Amino acid sequence: MKSTGRNPFQVFRDQWAIMSLYERFEQVVAITLSGVIAVVIVISLIQLIRLVFTLLVMDALNSLDHKVFQLVFGATMTLLIAMEFKHSIVKVALRKESIIQVKTIILIAILALARKFIILEPDVDPAKVAALAGTVLALGLTYWLMRERDDRKSE
């Protein structure tokens, strides 16, 4: 979108006038979903702050203790995943992209799996770790192949 010196509401109103019924539906869904996820992010942030504050007051914030590490970084990763997901929806709502990009979803899935590795218990079944590792490898390979394809298209 070019900067025309007009406020975003005017630009949105002009774009709304030329949208089809389905495009308007997508816009409403994207804006609503973005708002819902924003509420989830705020609640998650408040819970994370409360968790860290409670651990500080109880003098239990020892990042070497795997339970504390899992709690704090699991909550942090959840917040980051939600923020990345909201960012991808905002791109659609601002009409910078017409649909959610598959590469973004793959990256969010990789983040979710990284979170899963962080919160795994030490006595987890090796087969489960192998399955998760295989999934990360498959998603990473898919992302790399998609990026390679996009790089060739842009040349």
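**Exercise 1. A patch on the surface**

Find which residues make the nonpolar surface patch of about 320 Å² in this predicted model.

*Solution.* Start with the members: Tyr-22, Phe-25 and Val-29 make the patch. Next, place one of them: Phe-25 sits in helix 2. Then check the exposure of two members. Tyr-22 has 53% relative accessibility, and exposed means over 50%, so Tyr-22 counts as exposed. Phe-25 comes to 49%, so Phe-25 counts as partly exposed.

**Exercise 2. A pair of rings**

Work out how many aromatic pairs the structure has, and how the rings are arranged.

*Solution.* A search of the whole structure turns up 1 aromatic pair. The rings are those of Tyr-22 and Phe-25, with centres 5.9 Å apart and planes at 40°. Planes under 30 degrees apart would count as stacked and over 60 as edge-to-face, so this pair is tilted. Now look at the sequence: Tyr-22 and Phe-25 are 3 residues apart in helix 2, so about one helical turn separates them.

**Exercise 3. The overall fold**

Describe the chain by its helices and strands, then by how many of its residues are buried.

*Solution.* Count the elements and you get 5 helices and 0 strands. Read along the sequence, this gives the pattern α-α-α-α-α. Of the 155 residues, 21% count as buried. As for the surface, the chain exposes about 10,800 Å², and carbon and sulfur atoms supply 68% of that area. Finally, take the contacts between residues at least 6 apart in sequence: 60% of them join residues at least 24 apart.

**Exercise 4. The nonpolar cores**

List the residues of the largest nonpolar core and say which helices supply at least two of them.

*Solution.* The largest core has 8 residues: Ala-30, Ile-37, Ile-41, Leu-48, Leu-79, Ala-82, Ile-89 and Val-92. Helix 2 (21–57) and helix 3 (66–93) each supply at least two of these residues. Another core, of 7 residues, lies apart from it and includes Ile-106, Leu-132, Leu-139 and Met-146. To zoom in on one member of the largest core, take Leu-79. Setting aside neighbours within four places in sequence, Leu-79 is in contact with Ile-41, Ser-44, Leu-45 and Leu-48.

**Exercise 5. From helix 4 to helix 3**

Decide whether Thr-104 is buried or exposed, and find what it touches.

*Solution.* Thr-104 belongs to helix 4 (residues 102–119). Its relative accessibility is 13%, and buried means under 20%, so Thr-104 counts as buried. Beyond neighbours within four places in sequence, Thr-104 is in contact with Glu-84 and Ser-88. Ser-88 is part of helix 3, and at 4% relative accessibility Ser-88 counts as buried. One more step: Ser-88 and Gln-101 are 13 residues apart along the chain, and their C-alpha atoms are separated by 7.7 Å.

**Exercise 6. Salt bridges**

Identify the 2 salt bridges and describe the exposure of the residues that form them.

*Solution.* Side chains of opposite charge can pair when their charged atoms come close. One bridge joins Glu-121 and Lys-67, whose closest N and O atoms are 3.2 Å apart. This pair links distant parts of the chain, 54 residues apart: Glu-121 is in the loop between helix 4 and helix 5 (126–154), and Lys-67 is in helix 3. Glu-121 is partly exposed at 34%, and Lys-67 is partly exposed at 43%. The other bridge joins Glu-148 and Arg-147, at 3.9 Å from N to O. Here Glu-148 is partly exposed at 26%, and Arg-147 is partly exposed at 33%.

Conventions
Residues numbered from 1 in each chain as written. Predicted model: local features only at pLDDT ≥ 70, side-chain atom pairs only at ≥ 80, totals over all residues. Heavy atoms only, no water. Core = buried A, V, L, I, M, F, W, Y, C linked by side-chain atoms within 4.5 Å. Buried < 20%, exposed > 50% of the residue type's maximum accessible area, 1.4 Å probe, protein only. Helix = DSSP H or I, 4+ residues; strand = E, 2+ residues; numbered from the N terminus. Contact = heavy atoms within 4.5 Å. Patch = residues over 30% accessible without salt bridge, like charges linked within 9 Å, V, L, I, M, F, W, Y side chains within 5 Å. Areas by Shrake-Rupley, 256 points an atom, 1.4 Å probe, with all protein chains shown as cover. Salt bridge = Lys/Arg side-chain N within 4 Å of Asp/Glu carboxyl O. Phe/Tyr/Trp six-rings, centres within 6.5 Å; stacked < 30°, edge-to-face > 60°.
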